[in-house]
Amino acid sequence: MNAEIGTKTEPRAAGGDELGPIPRGVLRFADFDVDMDRGELRVGGSVIALRPKSFALLVYLARHPGRLLTKDELIEAVWPDVAVTDDSLVQCISELRAVFGDGDQRRIKTVPRRGYLLDALPVDTPSADEAVERGAGTVDRHGSSRVPPRRGSVLWLSAFVTVCTVSLAGVLWFGFAHRGQNDAVVSKNTITVLPLVGVGGDNAADLAEAVSEDVTIEVSRLPDTLVIGYPTGHLPAGDDGDAQGVGRRLGVAYVLSGSVERQGEAVSIALKLQASATGALLWSGRFDYAEQAGWNWRRDVTARIANELKVRIDEAETPFDRPYAGRMFAAIDPALRGWRLLKRIHTREEPQRARALFEQALQIDPDSASALAGLALSHITEVLTRWSNAPDIQTAFAAQAIERSLALQPNDPRANYVRSLVLSAQGRIDEADQAIQRVLSLYPDQPRALQRLGFLRLQQGRPEEVAAPVMLSLRLDPLDAEQVSLGQFTLGMAEFHLRHDEAAYAHMRLATINSPQNGFAWQWLAAIDALHGRSEQARNNLVEYQKRIPGHTVSGLKASESSRNAAFWQERNRFYEGLRLAGLPE
């Protein structure tokens, strides 16, 4: 996975990470809530992303506050009938300490050779009226403020999370037209779009994935509507068709699911909308298209969902682009296959294989906007991952291709996202920031764009502005391990630039826990260890980094940095000094 562009590997199987039944109710403490009905931790009213096992461990600790719990008892409670080592427990404890800002172990205490203790006082459970007032699936945001300095306590984290959340109002939520009292941006509807199932020919799965993304983009643009992501390939056993199960996992009010059947140019999309609280079917429908010229599901499906959610589409807003506009139908399939490859990058070969498919599509149809955008992304991926032997040439190719794509489809959020990457590689950071804000105006709930915005703010020398968009991205895409890893990585870089090395280290550890293949996170662990005199651990983490991303040098990495901001470099040079101390060749 690339730290800048967030390309993703295949999501890991749920397997042993699935949980048995969790008790119901809300365990309330002075600084946080553990909501067992919704399966989430809330600090300062904001949701904090946790892996399922870490949440299960938190539930057990929260049900026994102030009591010493042995390692054996915790392992038996969280991993029943599964053989695991103490390391699994330690990783979950580390994740919980990181989200609580509990580096000094005042919240979750370690009792040497015995176990752990949650040092927190429970408060009364809210009344039924309070629970109704909270409203499952409702998100409120108010005003704006600046992020306070770190205090190293749960009280600090509560204030920090709250400020991070509210500071986004009026900055990120371009698509939300409804405003309530005090100019608050209010999301009445929360919904997830499950990956649509492909039925039919060999390329049905490719088209189904593309249609799923199309529908997600357009639904996210509806007023008063928040779309929580459900990653492709991540649907666990038991959730298929179980709207209540999905609702509990994601805390959404509605679940949209269905299938895409394809026979050549003929496409049929079957959809159903369910209420997650009861599983009740609210609406089902079918959309049939006889040929590619009539494909218009972005308009048709969105209009129907808007009607069911009782929200009004603003006709004056950005018009719907017709899917995969171009002249030749035969160019669509290689372009779709190329995009699927770029979403699942494991090695250097994937961008090259994807590029060959996009070039094939463009030989058939030189006006394929989708293929042009994919071609640009295949080049800039190699540049930003430091895999390119000719970065200037590939950046120029990418710039040319993406401008041609946007001339054909200016309202495509994917193409605008790629343009932001190209501008960043060219060192035009402020313009890249503007491009990513354009993405968010077209696709308000795009997690990668939010993370990208945080990264660009870091490059602009504004690390205090990183946490807000990144934390929101984690709320919008909580189940994709690669995306969570990238978010934690970006938060870690920001904390390092703020001189909060301990917090930076905790975020980097979470990044490696969620995705051990995130080589850049191991790199930062090595640098921070070295800066703080932990030489052996620094060497070990450097080995892990070099296993995943071999061949890097300090000077090569520095030369590939696109930011020229003095404040950015003041802290970044400290990072590179850490890499030298860890043993990375100059």
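**Exercise 1. Find where confidence is low, and give the contact counts.**

Start with residues 125-186: pLDDT (the predictor's confidence in each residue, from 0 to 100) stays under 50 there. For this stretch the model has 126 contacts (heavy atoms within 4.5 Å) beyond four places in sequence. Note that this is a predicted model: local features need pLDDT of at least 70, side-chain atom pairs count only at pLDDT 80 or more, and totals for chains, interfaces and linings use all residues. Residues are numbered from 1 along each chain as its sequence is written, and side-chain values use heavy atoms, without hydrogens and water. Next, take the whole protein: its mean pLDDT is 79, and 79% of its residues reach 70 or more. Then turn to residues 1-22. Their pLDDT is below 50, and the model gives this stretch 65 contacts beyond near neighbours in sequence.

**Exercise 2. Work out the strand order of the open sheet with β5, β6 and β7.**

Strands are DSSP runs of E, at least two residues; helices are runs of H or I, at least four; both are numbered from the N terminus. Two strands pair if DSSP finds at least two bridges between them. β5 and β7 (residues 115-118) are joined by two bridges and run antiparallel. In one of the pairings, L69 has Y116 of β7 as its bridge partner. β5 (69-70) and β6 (108-111) are edge strands, each pairing on one side only. The order is therefore β5-β7-β6, with antiparallel pairing.

**Exercise 3. Compare D224 and K310.**

First, phi. D224, not a glycine, has a positive phi of about 60°. K310, also not a glycine, has a positive phi near 60°. Second, location. D224 lies in the loop between α6 (204-220) and β12 (225-227). K310 is in the loop between α8 (297-309) and α9 (332-342). Third, accessibility. Buried means under 20% relative accessible area, exposed over 50%, partly exposed in between (1.4 Å probe, protein chains only). D224 is at 8%, so D224 counts as buried. K310 is at 75%, so K310 is exposed.
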